[in-house]
Amino acid sequence: MVCDPDQVIENPRTGERVEVIDESSDALVMLTTWTRSGQRAHEHVHPGMQERFEVLEGVAAFRVDGVEVTGGPGTVVVVPPGKPHLAWNPTDTSVRLRVEMRPGLRWVEFTERLFAGEDPVELLQQFADEVRLPTA
């Protein structure tokens, strides 16, 4: 299913913007802009989803299973299912990325509700197949 190209989900707290450009049963493809420096989310895992980041503009930083990578346009980072990871903007300029989730599951709904300000703890319980906090 191709989504409305004008559909943009924006987080007023972090400045993060997500544009869903393609959603099917196999994959979810988004263009994401991180407008502010710093971390956007806590370290987390996607139990049944692979996440692939491709930096299009700016510089992004990633930590996947304890290994840190920082890179500009053309940098690709793939996070296998179940691996703890974190991604952030280490600069004072915007970062634009192409992000793919395979499969996408209910990630769009989770993102819409999180950005709308719903309780993250409750959302983590409702979306445990999509995202969890790492276990020690």
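In which order do the four strands of the open sheet stand? The views below, all taken from a predicted model, start with the answer.

**View 1. An open sheet of four strands.** The order is 4-9-6-7, and the pairing is antiparallel. Look at the edges, where strand 4 (38-39) and strand 7 (67-71) stand. Each has a single partner strand, so one side of each is left without a neighbour in the sheet.

**View 2. Where strand 4 meets strand 9.** These two strands run antiparallel and are joined by two bridges. To find your way, pick out Q39, whose bridge partner in strand 9 is W88.

**View 3. N89 and its surroundings.** Stay with strand 9 (residues 85-89), which includes N89. Is N89 buried or exposed? With a relative accessible area of 0%, N89 is buried, because buried means under 20%. Leaving aside residues up to four places away in sequence, N89 touches W34, T35, R36, S37, G38, V59, S94 and V95. Two of these neighbours deserve a closer look. A polar atom of the N89 side chain lies 3.4 Å from the backbone oxygen of W34, and a polar atom of that side chain lies 3.3 Å from the backbone oxygen of R36.

**View 4. Strand 5 and two of its partners.** Strand 5 (residues 50-57) runs antiparallel to strand 10 (residues 95-102), and seven bridges join them. Here you can spot E57 opposite R96 of strand 10. Strand 5 is also joined to strand 8 (residues 76-79), by four bridges, and this pair runs antiparallel. For this pairing, find E51 and its bridge partner in strand 8, V79.

How values were computed
Residues numbered from 1 in each chain as written. Predicted model: local features only at pLDDT ≥ 70, side-chain atom pairs only at ≥ 80, totals over all residues. Heavy atoms only, no water. Pairing = 2+ DSSP bridges. Buried < 20%, exposed > 50% of the residue type's maximum accessible area, 1.4 Å probe, protein only. Polar contact = N/O pair within 3.5 Å; in protein donor to acceptor, adjacent residues only side chain to side chain. Contact = heavy atoms within 4.5 Å.
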